[in-house]
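Please follow the strands, the helices and two single residues in turn, keeping the model open beside the text.

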Amino acid sequence: MNYDLIIARYGEIGIKSPKIRSRFERKLVKNIKATFECDVDRNQGRIYVHPKDFDEGVEKLNRVFGVVSYSPATSTQTSFEDIDRTLGEYVKDLISEGFLDENTKFAIKCRRVGTHDFTSQEMAAHCGGVVRDVIPAPVDLTNPDLTIFVEVRENKTFFFHEKIRGPGGLPLGTQGKVVCLLSSGIDSPVAAYMMMKRGCEVIALHCNNDPFSGPKVTENFNLLVDQLNKYSSGNPIKRRVVDYGEYLSFAKAEAPERMTCVLCKSGMYKIAEKLALKLGADAIVDGSSVGQVASQTLSNILATRYGVDMPILSPLIGLDKEEITKIAKDIGTFPISEIDDGGCSAVPRYPETHADLEMVKKVCEEINQDEAIEKAFDNIRILK
């Protein structure tokens with residue numbers, strides 16, 4: 001097809017106030033330009049993208065949050081002469097590409113913005129006649145095999161026949177920063193993705209549990225961040241690793257064994273809060289889903305978050321494993337999370353599943369958890 005631009009559309013950005021909408025549009029344009037080389041124009045709720053490499057633009061635009069859908073398109077001037085010529089060529093391309101033949105039921109849908117001496121219905125009827133002049137395909141406005149869209153916007157007219165679904169959401173970087181607890185499993189990368197979709201810049205924090213886990217865990221963490229970074233152009237994910245094994249050994253030695261997972265998760269939240277305060281983040285994110293593992297029962301969720309003042313967001317809280325896995329496959333993190341990394345050997349045989357908050361408070365005080373967490377935080381590392 002002889003396309004000359006891509007029309008990108010956004011959704012909820014359009015219901016913002018004019019000031020916020022303009023800021024979000026500018027950020028969306030900036031993120032598109034950071035994803036692939038292109039020129040971008042904004043006009044009346046549309047983003048017009050002119051890629052240097054058209055195929056690359058079509059492939060990568062579905063990684064830009066804020067884009068609800070997009071269409072490779074052909075443009076011309078809004079005059080009947082130009083419309084007839086350009087649409088006729090467009091129809092010939094559809095025929096040569098196998099989208100249209102004499103048995104294809106087709107429809108024309110026209111949308112018009114601006115002042116013109118014709119209505120949308122009149123332009124749709126006219127364009128239908130142009131198609132029929134090229135090929136005697138049947139018209140079916142109710143159940144067409146192919147719909148040709150015609151957008152008339154002031155003195156420019158655009159033709160396209162497909163709408164490619166984008167990731168939606170809000171432009172990345174418009175909603176502040178979050179610290180995301182990122183393991184090598186299935187859930188936490190999906191949680192990070194979901195917050196990126198809501199416009200949040202992500203700082204990925206990984207707790208290295210050595211000697212209770214092997215080096216493959218941290219390697220897989222890096223691979224997962226690499227994959228997520230395909231969706232974060234303009235706002236690359238910052239990587240932080242804390243050597244957590246010493247604290248975990250201390251917790252196992254000083255507290256009842258069944259409390260290991262509760263104290264482990266509690267410590268992670270407290271380290272994440274310290275990092276968030278240091279880097280200017282506004283919330284902590286994890287991959288919790290109610291009842292999925294021992295530390296994610298409602299009573300344990302309450303107990304593990306004690307002592308943390310910052311909001312802890314769990315975007316997967318109401319999803320089951322099948323739903324989370326589907327998203328992981330869609331975004332490309334699932335094959336990485338499937339790699340066998342040996343797991344964590346610190347998990348007790350009978351972990352606490354109904355932690356009592358008062359008991360957790362008492363244990364944390366007895367083992368002086370805050371001092372142990374401070375020591376672990378002092379050894380946090382930056383990964384490039």
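In this predicted model, Val-179 has Ile-203 of strand β10 as its bridge partner. That pair belongs to a longer match between strand β9, residues 177–181, and strand β10, residues 201–208, which run parallel and are joined by five bridges. Both strands sit within an open sheet of six strands, whose order is β13-β12-β9-β10-β11-β14 and whose pairing is mixed. The sheet ends on one side with β13, residues 312–313, and on the other with β14, residues 381–383, these being the edge strands, each of which pairs on one side only. As a general point, the strands of a sheet pair through backbone hydrogen bonds, and they may do so in either a parallel or an antiparallel manner.

A second set of pairings is arranged around strand β4. Eight of the nine residues of this strand, which covers residues 69–77, are buried, and β4 is therefore largely enclosed by the rest of the structure. With strand β1, residues 5–9, the pairing of β4 is antiparallel and extends over five bridges, and within it Ile-6 stands opposite Pro-72 of β4. Strand β7, residues 156–160, also runs antiparallel to β4 and is joined to it by four bridges; here Thr-74 stands opposite Phe-159 of β7. Strand β8, residues 164–165, is likewise antiparallel to β4, with two bridges between them, and the bridge partner that Tyr-70 finds in β8 is Ile-164.

From the strands we can turn to the helices, beginning with α5 and α10. Helix α5, residues 187–197, packs against helix α10, residues 321–331, at an angle of about 70°, and their axes are 9 Å apart. Since angles of 65 to 115 degrees count as roughly perpendicular, α5 and α10 are therefore roughly perpendicular to each other. The crossing of these two helices is left-handed. On the α5 side the contact involves Asp-187, Pro-189, Val-190, Tyr-193 and Met-194, which meet Lys-321, Ile-324, Ile-327, Ala-328 and Ile-331 of α10. In terms of residue class, the contact of α5 with α10 holds eight nonpolar residues, two charged ones and no polar ones.

Helix α13 offers another packing arrangement, and how is α13 placed with respect to α8? The axes of helix α8, residues 260–279, and helix α13, residues 369–377, come within 10 Å and cross at roughly 55°, and the two helices are therefore oblique to each other. In this crossing α8 passes α13 in the right-handed sense. From α8 the contact draws on Leu-263, Ser-266, Gly-267, Lys-270, Ile-271, Lys-274, Leu-275 and Lys-278, while α13 contributes Gln-369, Asp-370, Ile-373, Glu-374, Ala-376 and Phe-377. The residues of the contact between α8 and α13 divide into six nonpolar, three polar and five charged.

One residue of that contact can be examined by itself. Gly-267, which lies in helix α8, has a relative accessibility of 0% and therefore counts as buried. Leaving aside residues up to four places away in sequence, Gly-267 touches Tyr-244, Tyr-247, Gln-369 and Ile-373. Gly-267 and Asp-370 are 103 residues apart in sequence, yet their C-alpha atoms are 8.4 Å apart in space.

Tyr-247 leads on to helix α7, residues 245–254, whose axis comes within 9 Å of that of α13 and crosses it at roughly 160°. That angle makes α7 roughly antiparallel to α13, and α7 passes α13 in a right-handed crossing. Glu-246, Tyr-247 and Phe-250 of α7 meet Gln-369, Ala-372, Ile-373 and Lys-375 of α13. The contact of α7 with α13 consists of four nonpolar residues, one polar residue and two charged residues.

A last stop lies in a loop. Is Ser-232 buried or exposed? Ser-232 has its place in the loop between α6, residues 215–228, and β11, residues 238–243, and with a relative accessible area of 2% it is buried. When residues up to four places away in sequence are not counted, Ser-232 touches Leu-172, Met-196 and Ile-237.

Note on methods. Residues numbered from 1 in each chain as written. Predicted model: local features only at pLDDT ≥ 70, side-chain atom pairs only at ≥ 80, totals over all residues. Heavy atoms only, no water. Pairing = 2+ DSSP bridges. Axes fitted to C-alpha atoms, helices over the stretch in contact; angles between N-to-C directions. Parallel < 35°, antiparallel > 145°, perpendicular 65-115°, else oblique. Left-handed = near helix turned anticlockwise from the far one by under 90°. Contact = heavy atoms within 4.5 Å. Nonpolar A, V, L, I, M, F, W, Y, C, P; charged D, E, K, R; others polar. Buried < 20%, exposed > 50% of the residue type's maximum accessible area, 1.4 Å probe, protein only.
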